[in-house]
Structure formats: C-alpha cells, structure tokens
Amino acid sequence: MNNIVVCIKQVPDTNDIKWTAENNIQREGLLSILNPQDDFALQCALDIKNVTNAKITVFTMGPKQAEDVLRYAYQRGADEAILLSDKKFSASDTIATARTLGTAIQKYVPDFDLIICGQYALDGDTAQTGGMIASFLDIEYISNIFEVSFLMSEIRVKQEYSEGWKNFKVGRHSLIAVANENFKAPKPKIEDYINAQDREIKVFGADDLGLDKTKTGLLGSLTNVSKVFKKQVSRNLKIIDYNTEKLIEEINKMRQDVK
Amino acid sequence: MSNRELFVCIEEEKEKIRPVSLELLSHARSKEKFEVCAVWIGDSIKAENKKTLLEAGANKIYQIFDKKLNGYNLKYYSSALVEFISLKKPAVVLFGATKQSRELAPYIAFKLNAGLVADCTSIEFEEREGEIKMLATRPTFGGSLMATIVCKTMPQMATVREHILKQGSYQVQNAGTVEVFNPHLKDTTSVIELLSVIKSFESKNDDMQGAEIILSGGLGLKTAENFKKLEQLAQLLGNNVAVGASRGAVDKKLTVKDRQIGQTGKTVAPKIYMAFGISGAIHHLCGVENSEFIIAVNNNKNAPIFESCDLGIVEDAVKVIDEMIEYLTTK
C-alpha cells in the first residue's frame, strides 16, 4: 500500500442556516467547515498509513478559500494537498465535479492503491460524487463503509446494512465511500497546526487538467437546477394544554379521520 | 431520440419486492405518458411477483438474467444495466433511493453520460419542445432548501425516496410476459468479494412502514428504560402501532439504529406520528413530513417541532407517556 487518495470538500455548516427576507439561504457569514464525512475519510486513510507508511494525497475542488480544509488535512497528517480551482469549475454538478477530480487523480496519482471519499456532503447530500469518480476512472467502488482496515496485504471493509454489517474484501485500485455520523476528529495539537500553515498547497486549474469548458462547470454538467424554494409547512400548529383523556380522544379522532 | 419507455429498476429485500419499486411503478403509470417497464435483475421471477409488478402499474416486465447477477455486485449489475439501457434507450430510469441503488445509480449514470438526481421527494413530467422532461425535486442543505432539477440528456435518471409516492392498483390487461435480456458478462470480473454477513439484531423495519401510528422518542426520553415504556404504550394503543426514534436518541444508544427516522434514517408516512421529546430538527422532520397528523410532546415551548405539528403539547414527554399508560391500563 503506497498511495492513498482522499477527496474532501469544504461545505457551509448546515446546522446553522439563516434565511434572507426573500427566502434564500444567507451565504454571507456562513461558517465553512470540512465536510464531516470527509474528515472521517481522512481518518480511515490515516489509520492505514499508521500500519503501512502509505503516502496520503488529498484533493479538493473549490474556490481559493477551500485551502483552509487542505491546511486542516495537513494538520491531521496528510502528505500532500492539491487544490483544483478555476472559475470554469463553478456551477459544476456531481458529474462535472467527478470528472474534474477524476482527471486530477489520474494525472497526479495515477498509481493510487485506494481512493477514500466521504459518503455524502452536508450541502448537496447526493452521495453521488464518489461513485461517479470511480465510474470515470473505471474502477470498482463500494459505499456505506464504516470501517476500513489493511491486514496481510488485503483491504477489508465493513458495510452497514439493516440488520448488522457485512465484511468485504476490496481489491487494489478501488474507491471506498465511508460514512460514520458519530466520528469526532482527535483534538488538534498546536505544533501540527503551526506546521500546516507552511506546507505547500499546489493549485491546478482547467488548463492544467486539460479540461475544456464543455467538460466542467456549467457546460460540463448534465443536470440543472430549475428552481429552489423553502419547503412550506402546512400543519395545524394547534397547542393544547395537557390532559391525558383529551389527548387520547384526539388520537382516536385522527384514527377515524378518512382523508 | 429515446422512445417512450420509462424504466423502474426493481429491488428486493428479504425475498420481497421493496415497496418503493411499486410506488415508482404506480406513480409513473399514473402520469399516462410512458410505457412503464419493470426491470428485474437476476433469477427467474416468481409468478406472484410478476402479478405484483403488473398490478402496481407496470405495462411490461424486462428481466436481465445472468448467473453473475444472483446477488448484488456493483460491477456485474452496472455492466448489465449499462448494456441494457444503451440498447433500449428509455426516456427515464428510476430507482428507489435505497443504499444499494444510491450506490449503483451514479456509477451507471456516469457511464451513460446521463444526468442523475438523487434522493428525490417528487417527480413530475412536463412536455417541452416535443420531449417529456422530468422535473425532480429533492431536499438540500440538510432539508432546509428544496431544489427542482432537470436533466439535459437522455435517459433522465433519478433515485426516489421511499414512502413518499403512493402505490396504486391497476387492472392486469395481459398475461404478463417477461422479456429476457442476457448481458455479456463472460469476461467481466470483480475485485470486491463478500466475505461474511453479521446479523446483530432482528430488523423491526417491517412494522414501521405499515404502521398506522408511530410513537417516536428523542433525547427528551433520556433513558433506554423510557424507550421501553414507549413500547408498552404502543402495545396499549392497539394494532399497527410502531416505535421510532430520532438520530439523537439512537446516537445516545437509547434504542436501536433500525428505528432511526430522518434524513439519514427511514422515511415514514403513518396516519399519526407522535414525537416524544424530539426537538424537531429539519433532518428529522424530513423523514416524517408525509404523515397525516403530527403530534408533538416536548417540555421546551420553543422547540422547533411546534412549528411543524398539528397538535402540540408543552409537557415533559416521559410524564405524558406514564400518564397515557396509566389511563389505558385502568380504563
């Protein structure tokens, strides 16, 4: 195991959404964080690095401020961090994003042993990008993985299912999408933070990747957002004083109700 | 130029057809714009399953058969489906938004150069310039914002959330012939191998989906004991009453993960959804919004759930559960 690639994304902290008067998401002042599932993906890579001394290369596609999540990746123990940034990448859907990340992986770490991605991002939550990167690179992939291990030259993973979990063996040169909602990154050490500030972050754009505008951004996307809106709630919103008998009565009334 | 076929990729779980596959067939059929085709992958189809598919709205059944398709594997399933879809060129391909399909669909979409909309809560169709365009709506930003998405190319693909669309019933016109397709998988191999399946608990999944009432517990219940009380209350309320939970309660191990409802858990649509000690975060509410009635019990009058319920009670959840149990046992 020599090379592990991790794809990460900087996302707004969706637990803290505020709305404008016109019912749009207020983007100014939104705190940007590393997508939590990607932090877990990084941890999975670090756990393997601990037993193999593999090199971890982290990629992210985003505007210049996405460098913050790459610095964080350095702080956690990544070996190389690459930012894919270009005006041409903006308005990319999952297909265009996957093509961009996939092209970069193919170019800069063609000999990867494993690619690890977070299962889904807090903002888009499509859970599609990892699978599409694998499809672009024509490699196999498996998702919903909560544990990755490397034992006796074999990549083993645990996948959750409705009644427990399944153990799989995954061959080299594959992609794994990981999910663990309870993951908490270890507390940062101050010297790791300081060292991370000086590390080099390579930045590449569309020309470096040989992607013309039909392959990325708006034109490279196969889906378009036609409309966005805030979901309207249409419930009765009746608050009553608590009374057991009355409550049971209401429940029975609802049960008889034929819509 | 694609034909007027709409494919629904059928999925099974524990030997039964997953409800979402049937919901998709009915929904598509109700639009009266397509020839609705149920696409079955794997072994032979039992007669009763054929009947179920046709009654749910399928005009036609395709079976993609190869011995490598006995049991899900991304490589084999995707190779077979890509070959079949490229040949048939349907206008639309739909999957239920299950773990398996949410893994398979993006992989296939990329190979087909097709747009894919994930985890939709509504699918509509509109005639635009001689083509039938799919308008697929999905929640984003943890459920706070809805987006309606259009695909630029054919086929138009989407994965759709379970228990949102309604399953209908159709007269079965013909005997239900199955058209079989044999993909070329002879030289296809996979590097992913299933080693073992570890079952750690019996899934209580079935009773939640058909339930008339779901009593759901959140962090406000505080202990696993109180969850047991919720189970007791469920039994006292009669048949078809199931127990659910918020993510917070599951994370704190107050009950099993199988009961989790919400963005990363199950979507339910009972007649009555009763939330005990649940604050009402968007990622939870999006799993219950199709419930007919929502009753909320929470001791915090500012809990967001009070803005999304039909009946709200500001009171300690455990107290209400205790008193309801007492009332129903002494009645």
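These notebook entries record what I looked up in a predicted model of two chains, A and B.

**Conventions**

I number residues from 1 along each chain as its sequence is written, with chains lettered from A and ligands numbered from 1 in the order in which they are written. The model is predicted, so I note that local features need pLDDT of at least 70, that side-chain atom pairs count only at pLDDT 80 or more, and that totals for chains, interfaces and linings use all residues; side-chain values use heavy atoms, with hydrogens and water left out.

**Entry 1: nonpolar cores**

I took a nonpolar core to be a set of buried Ala, Val, Leu, Ile, Met, Phe, Trp, Tyr and Cys residues joined through side-chain atoms within 4.5 Å. Buried means under 20% relative accessible area, exposed over 50%, and partly exposed in between, with a 1.4 Å probe and protein chains only. The largest core has 58 residues, and Leu84(A), Ile115(A) and Leu81(B) have the most contacts inside it. Helix α3 of chain B (residues 74-88) gives the largest share of this core, eight residues. Helices here are DSSP runs of H or I with at least four residues, strands are runs of E with at least two, and both are numbered from the N terminus. Apart from this core lies another, of 37 residues, among them Val69(A), Tyr74(A), Leu114(A) and Val157(A).

I then listed the contacts (heavy atoms within 4.5 Å) of Leu81(B). Leaving out residues up to four places away in sequence, Leu81(B) touches Cys9(B), Val39(B), Ile41(B), Ile64(B), Phe95(B), Leu104(B) and Ile108(B).

**Entry 2: helix α2 of chain A**

I looked at helix α2 of chain A (residues 67-76), which is mostly covered, with eight of its 10 residues buried. Charged residues appear in the buried set, including Glu67(A), Arg71(A) and Arg76(A); for classes I count Asp, Glu, Lys and Arg as charged, Ala, Val, Leu, Ile, Met, Phe, Trp, Tyr, Cys and Pro as nonpolar, and the others, Gly among them, as polar. After α2(A) comes Gly77(A), with a positive phi near 130°.

Glu67(A) forms a salt bridge with Lys64(A), the closest N and O atoms being 3.2 Å apart. I define a salt bridge as a side-chain nitrogen of Lys or Arg within 4 Å of a carboxyl oxygen of Asp or Glu. Glu67(A) is buried at 16% relative accessibility, whereas Lys64(A) is exposed at 59%.

**Entry 3: salt bridges in chain B**

Over all chains I find 35 salt bridges. Arg161(B) pairs with Asp119(B), their closest N and O atoms being 3.0 Å apart. This pair links distant parts of the chain: Arg161(B) lies in the loop between β11 (156-160) and β12 (178-181), and Asp119(B) in strand β7 (residues 116-120), 42 residues apart. Arg161(B) is buried at 4% relative accessible area, and Asp119(B) is also buried, at 4%.

Glu11(B) and Arg18(B) meet in another salt bridge, at 3.9 Å from N to O. Glu11(B) is buried at 7% and Arg18(B) at 15%.

**Entry 4: Asn298(B)**

Asn298(B) sits in strand β17 of chain B (residues 293-298) and is buried, with a relative accessible area of 7%. I checked its polar contacts (N or O atoms within 3.5 Å; within protein, one able to donate a hydrogen and the other to accept it, residues adjacent in sequence counting only if both atoms are side-chain atoms). The side chain of Asn298(B) reaches the backbone oxygen of Ile278(B) at 3.1 Å and the backbone nitrogen of Asn300(B) at 2.9 Å.

**Entry 5: the A–B interface**

Chain A and chain B bury about 7,500 Å² between them, 56% of it on carbon and sulfur atoms; buried area is the accessible area (1.4 Å probe) that two parts lose on being put together, summed over both. Glu163(A), Arg235(A) and Arg255(A) supply 11% of the area that chain A buries against chain B, more than any other three residues. The contact takes 78 residues from chain A and 86 from chain B.

Between the chains I count seven salt bridges. Lys199(B) and Glu163(A) meet in a salt bridge at 3.7 Å, N to O. I also count 38 residue pairs in polar contact between the chains, both residues at pLDDT 80 or more. Helix α7(A) gives the most to the side of chain A that touches chain B, with nine residues. By class, that side has 34 nonpolar, 22 polar and 22 charged residues.
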